[in-house]
Amino acid sequence: MSDVVIRAENLYKEYRLGTISHGTLYKDLQSWWARMRGKEDPNSIISTIASSAPGDSKNPHFLALRDVSFEVRRAEALGIIGRNGAGKSTLLKILSEVTSPTKGTVKIKGRVASLLEVGTGFHPELTGRENIYLNGAILGMTRKEIARKLDEIVAFAGIEKFLDTPVKRYSSGMYVRLAFAVAAHLEPEILIVDEVLAVGDAQFQKKCLGKMGEVAKGGRTVLFVSHNMAAIRNLCERAILLDRGEVLLNAKSEEAVSAYLDRNLLKGAKASAEEIGERLEGTFDPGNPFLRFVEIALLDQSGTPRKAFSSDEDITVSVSFECLRKVPELRLFVYVVDENGVHILGSQNLDDPAAMERFTSVGAGTYSATCVLPKNIFGGRTFFLSVHMIYPKVEHVFVNKILEFEVKFKGWSKVHDGVHSLVFLNPQLQWSIQPLAA
């Protein structure tokens, strides 16, 4: 259709591990001649390894992409998500014509600006100003067109003092700020951005996400790779989930993100700030936040992180967080949820009058908040922990199903014909039996 600006059909990308050629001049010439005639490479063994297990150590060939097909329409913001090694960066390099596919075709309609790695497209010996003009020229812009955008680019990147300094002397943060500003402001029809934005500080990441939103609303196309699921949800209407080089799902971003998180439930007993960041949701200001999760853990009575407990053990939920400024009325919620994310148990700091007093006003600093899930309350099955932190009327951050844990019944006394395997909660309640008067 006329509004399709990117069409990828049956893309494969094959690498030969540990080699840069076929090993003989004859085979290299064979492959070159096949490419010149538009024929399939006779030395490619895609047909053999396409069906082999990914990562097979006995096979010197590796498929980074396997039969990838999709379309992107004009003015669409498309997210590309997946674990490290899923093939995201390889796909963007093919779309940016940095590398070519081993098999398959890509058709692109429009001028492409890519930000794949820090310093991509920059000459280290040239100044920031000279690199702006160089990149503009590569995109087909005239000197007058670039000059009209120069002040806007420099202001966005915040490098006014260093504009005439060779970029080899820039820090990685300065480098990426200028690279993004150039890519976003020189009016490409298609903007391709990899996870490189993680190099910038929080305030600049916020500016970049806002600018990408403007680009998409202005009728241009954005392809965005990120491990920040909140950014994917907010910026992209649709997302592609890659796994081991294959497209697992091409759907609305909310559906794709949920599928990604469900496939990558954390199996450990604690989650780091980076792992929490992948699952972060809420309404907060990433450029100037009040609240930031540091770690979430499940602990036994000795303080050791664990993910499997007995029904006669207390379970301590530990939430470490950072306040970047004074936060009055901080509210912290923990929920135990089932496989579908339905809350079956919840608690908040306001439930405890003594803790409520300590949480009324929290100064800048790092804290650890804990609560205890009492023994003899859970049925014998798998549960998930969700955590919600709120500064009322300003921001809230939420991580759903951040940790998975298992509770097993102690001994056999509580099991009768498997009935308790159907029970979520199994509290130890007080019972009595009294004869009724005749």
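This briefing walks through the strands, helices, cores and cysteines of one protein chain. The model is predicted. The chain holds 11 helices and 21 strands. Of its 438 residues, 45% are buried. Two open sheets get most of the attention below, one of 6 strands and one of 4 strands.

**The chain overall**

- The chain exposes about 22900 Å². Carbon and sulfur atoms supply 52% of that area.
- Consider the contacts in the chain with a separation of 6 or more: 71% of them join residues 24 or more positions apart.

**The sheet of 6 strands**

- The strand order is β5-β6-β7-β3-β8-β9, and the pairing is mixed.
- The edge strands are β5 (112-115) and β9 (246-252). Each has a single partner strand, so one side of each is left without a neighbour in the sheet.
- From one strand to the next, the twist averages 15 degrees.

**Strand β7, inside that sheet**

- β7 covers residues 221-225, and 5 of its 5 residues are buried.
- In a regular strand, side chains alternate between the two faces of the sheet.
- In β7, Thr221, Leu223 and Val225 point one way. Val222 and Phe224 point the other way. Residues in both groups are buried.
- β7 pairs with β3 (residues 77-81). These two strands run parallel and are joined by 4 bridges.
- Two positions show how β3 and β7 line up. Alanine 77 stands opposite valine 222, and glycine 79 stands opposite phenylalanine 224.
- β7 also pairs with β6 (residues 190-193), in the parallel sense and over 4 bridges. Here isoleucine 192 has leucine 223 as its bridge partner.

**Helix α4 and what follows**

- Helix α4 spans residues 128-138. Its buried residues are Gly128, Asn131, Ile132, Tyr133, Asn135 and Gly136.
- Those buried residues pack against two other helices, α5 (143-157) and α6 (172-185).
- Glycine 140 comes just after α4. Its phi is positive, at about 90 degrees.

**Nonpolar cores**

- In soluble globular proteins, nonpolar side chains tend to be buried together.
- The largest nonpolar core here has 49 residues. Those with the most contacts inside it are Ile132, Leu178, Phe180, Leu191 and Phe224.
- Helix α6 gives this core its largest share, 9 residues.
- Another core, of 38 residues, lies apart from the largest one. Among its members are Ile276, Leu291, Val319 and Ala355.
- Some names recur across topics. Ile132 is one of the buried residues of α4, and Phe224 is one of the buried residues of β7.

**The sheet of 4 strands**

- The order is β10-β12-β14-β19, with antiparallel pairing.
- β10 (270-272) and β19 (365-373) stand at the edges. Each has a single partner strand, so one side of each lacks a neighbour in the sheet.
- Neighbouring strands are turned by 20 degrees against each other on average, direction ignored.
- β12 (residues 291-299) and β14 (residues 315-323) run antiparallel, joined by 8 bridges.
- Leucine 299 stands opposite threonine 316 in β14.

**Glycine 303, in a loop**

- Where does glycine 303 lie? Its place is the loop between β12 and β13 (308-310).
- Glycine 303 is partly exposed, with a relative accessible area of 43%.
- Glycine 303 and threonine 316 are 13 residues apart in sequence. In space, their C-alpha atoms are 8.0 Å apart.

**Cysteines**

- A disulfide is a covalent bond between the sulfur atoms of two cysteines.
- How many disulfides does a search of the whole structure find? The search finds 0.
- Is cysteine 323 buried or exposed? Cysteine 323 is buried, because its relative accessible area is 2% and buried means under 20%.
- Cysteine 371 counts as partly exposed, at 22% relative accessibility. That value is not under 20%, the cut-off for buried, and not over 50%, the cut-off for exposed.

Notes: Residues are numbered from 1 along each chain as its sequence is written. This is a predicted model: local features need pLDDT of at least 70, side-chain atom pairs count only at pLDDT 80 or more; totals for chains, interfaces and linings use all residues. Side-chain values use heavy atoms; hydrogens and water are left out. Two strands pair if DSSP finds at least two bridges between them. Axes are lines fitted to C-alpha atoms, for helices over the stretch in contact, and angles run from 0 to 180 degrees between N-to-C directions. A disulfide is a pair of cysteine sulfur atoms within 2.5 Å. Buried means under 20% relative accessible area, exposed over 50%, partly exposed in between (1.4 Å probe, protein chains only). Contact means heavy atoms within 4.5 Å. A nonpolar core is a set of buried Ala, Val, Leu, Ile, Met, Phe, Trp, Tyr and Cys residues joined through side-chain atoms within 4.5 Å. Accessible areas come from the Shrake-Rupley method with a 1.4 Å probe; for residues, only the protein chains shown count as cover.
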